[in-house]
Amino acid sequence: MVRAVVPREESFTSPLRHERLTARLGTWLGACFAICFLTGLYSHWYYLPDASLVPPTRPVWGYRLTQGLHVLTGIAAIPLLLAKLWSVYPKLFARVPWRDVRALALHSVERASILVLVAASCFQLVVGLANSAQWYPWSFSFRAAHYAGAWIAIGALVVHVAVKLPVIRRAYAGPVDEQAPTEAGTPAPGPRRRTLLRATLLASGVAVLLNAGQTVPWLRRVSVLAVRTGEGPQGVPINRSAAAAGVTETAVDPGWTLTVVGRRGEVVLSRDDLRSMEQRTERLPIACVEGWSASGEWTGVRLSEVLDRADVPADADLRVVSLQTRGSFGTTVLPASFARDDLTLLALGLAGEELDLDHGYPCRLIAPNRPGVMQTKWLTRIEAV
Ligand SMILES: Nc1nc2c(c(=O)[nH]1)N[C@H]1C(S)=C(S)[C@@H](COP(=O)(O)O)O[C@H]1N2
Ligand SMILES: [Mo]
């Protein structure tokens, strides 16, 4: 008989499971989700087509910080979410009030909203983690799906907190462990809820430490789980290599030129032309949307000086085109405020050396406070849009 095998909510008797624990786990999880959501929105800003609302170019490490926080709070959320699901899963077996239509309706709405919350949260964390590992076992657009998932998760979270507010208040009215003695007059044996709460927070902290080295240089040696160690030619990791982008021949062609299209036709610059202009060195980070970041000493020409040579209007946004023949990110749009920033370079060198082929030789874009994915390598053409 089914009844004999399917447990009931009351079948789960661990005294660790309690709204006092669930509420506290929920607070930490909610904080992680809030930071993830806000930093994710910030990142999304860079992809908006609206030219009137352009992200700022300062601080230069802004995107590095927000993207690092985004990925690390997402990682911290995983142990918290697992512990929280463990603390409430007996509710899956709660009795359904079949006979009372009103109660049944309420029950169903509540269940459906929790299903949406749990599904969206799991989806966001799994897909986000896979993306930070550069693993795309799906065919949908990561960015579109992760963005839609974020609104669903955060919307369901707000509803959830509103619905549970009375429970949350009650849960916080006292400490996580009641001091109530058992029948025998002694505290219940076994671990206490406080211990479980601390262990979960510790697990989150360790998970963060094991990954943070991909963006915090002095944690590199601790972060054995980090997908990017921070190693790479000239002290910066490589995202897509020249071979993967299909530029190994075109990029080293001695006849390479950069074409800059301005108001009165185009200006064609060789590498020697660029070399003969004033060379500047700026320390700017590459902050990849996958969560790793690294700072580099880039040397090259100020982009605005090149644009002036070609008579490009000061308020023009630019289309920046690379030699790349395969895959995405070969072309990006650079807003005028970034193009005209004094720190924005057409880099020819990195760490005092000629730019490595995999870092974008012969010439790459590097701008302050900009997602790594938009720091286009192996440039061939720049034009006003
Ligand atoms: N043409 C081109 N430029 C590109 C890419 C690319 O795939 N093609 N990848 C971008 C991404 S996702 C990042 S994070 C940075 C990484 O630069 P690096 O490999 O020099 O560290 O380059 C960006 N520039
Ligand atoms: Mo990236």
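Which polar side-chain atom lies 2.5 Å from a nitrogen atom of ligand 1? Keep that in mind as you start. This is a predicted model.

**Stop 1: ligand 1**

Select ligand 1 and Q324. A polar atom in the Q324 side chain sits 2.5 Å from a nitrogen atom of the ligand. That settles the opening question. Around this ligand, the protein buries 100% of the 530 Å² that ligand 1 exposes when taken alone.

Next, select K377. An N or O atom in the K377 side chain is 2.5 Å from an oxygen atom of ligand 1. Move on to N239. Here the backbone takes part: one of its polar atoms is 2.8 Å from an oxygen atom of the ligand.

Now show the shell. It holds 20 residues, and the nearest are P237, R240, Q324, H359 and K377. Colour the shell by type. You should find nine nonpolar, eight polar and three charged residues.

**Stop 2: a nonpolar patch**

Switch to a surface view. Select I35, W61, L65 and L69. These residues form a nonpolar patch on the surface. Their accessible area comes to about 370 Å² together.

Pick out I35. Helix α2, residues 19–45, contains I35. Is I35 buried or exposed? The answer lies in between: I35 counts as partly exposed because its relative accessibility is 34%, and the partly exposed range runs between 20% and 50%.

**Stop 3: salt bridges**

Side chains of opposite charge can pair when their charged atoms come close. The count of salt bridges here is 17. Visit three of them.

Select E10 and R95. Their side chains meet in a salt bridge, with 3.2 Å from N to O. The two residues are 85 residues apart and link distant parts of the chain. E10 is in the loop between α1 (2–5) and α2. R95 is in the loop between α3 (62–88) and α4 (101–132). Both E10 and R95 are exposed.

Select D342 and R302. In this salt bridge, the closest N and O atoms are 3.7 Å apart. Again the pair links distant parts of the chain, 40 residues apart. Look for D342 in the loop between α10 (336–339) and β7 (345–350). Look for R302 in strand β4, residues 293–302. Which side of the cut-offs does each partner fall on? D342 is partly exposed, with a relative accessible area of 42%. R302 has 17%, so R302 is buried, since buried means under 20%.

Keep R302 and D342 on screen. Add E278, R280 and E305. These five residues, E278, R280, R302, E305 and D342, are linked in a network of salt bridges.

Now select R340 and D308. The closest N and O atoms of this salt bridge are 2.8 Å apart. R340 lies in the loop between α10 and β7, and D308 in helix α9 (residues 303–309), so the pair ties together parts that are 32 residues apart in sequence. R340 is partly exposed, at 21% relative accessible area. D308 also counts as partly exposed, at 49% relative accessibility.

**Stop 4: the backbone**

Hide the side chains. Most residues other than glycine have a negative phi, and most peptide bonds are trans. The next four sites depart from those habits.

Where is the cis peptide bond that leads into P59? Zoom in on R58 and P59: the bond runs from R58 to P59, with omega near -10°. P59 is in the loop between α2 and α3.

Go to Y361 and P362. The peptide bond from Y361 to P362 is cis, with omega near 10°. P362 lies in the loop between β8 (353–354) and β9 (364–366).

Select Q134. This residue is not a glycine, but its phi is positive, near 55°. Q134 is found in the loop between α4 and α5 (142–171). At 33% relative accessible area, Q134 is partly exposed.

Finish at N369. Its phi is near 50°, a positive value in a residue other than glycine. N369 lies in the loop between β9 and β10 (379–384). Is N369 buried or exposed? N369 counts as buried because its relative accessibility is 1%.

Conventions. Residues numbered from 1 in each chain as written. Chains lettered and ligands numbered in written order. Predicted model: local features only at pLDDT ≥ 70, side-chain atom pairs only at ≥ 80, totals over all residues. Heavy atoms only, no water. Near = heavy atom within 4 Å. Polar contact = N/O pair within 3.5 Å; in protein donor to acceptor, adjacent residues only side chain to side chain. Areas by Shrake-Rupley, 256 points an atom, 1.4 Å probe, with all protein chains shown as cover. Nonpolar A, V, L, I, M, F, W, Y, C, P; charged D, E, K, R; others polar. Patch = residues over 30% accessible without salt bridge, like charges linked within 9 Å, V, L, I, M, F, W, Y side chains within 5 Å. Salt bridge = Lys/Arg side-chain N within 4 Å of Asp/Glu carboxyl O. Helix = DSSP H or I, 4+ residues; strand = E, 2+ residues; numbered from the N terminus. Buried < 20%, exposed > 50% of the residue type's maximum accessible area, 1.4 Å probe, protein only.
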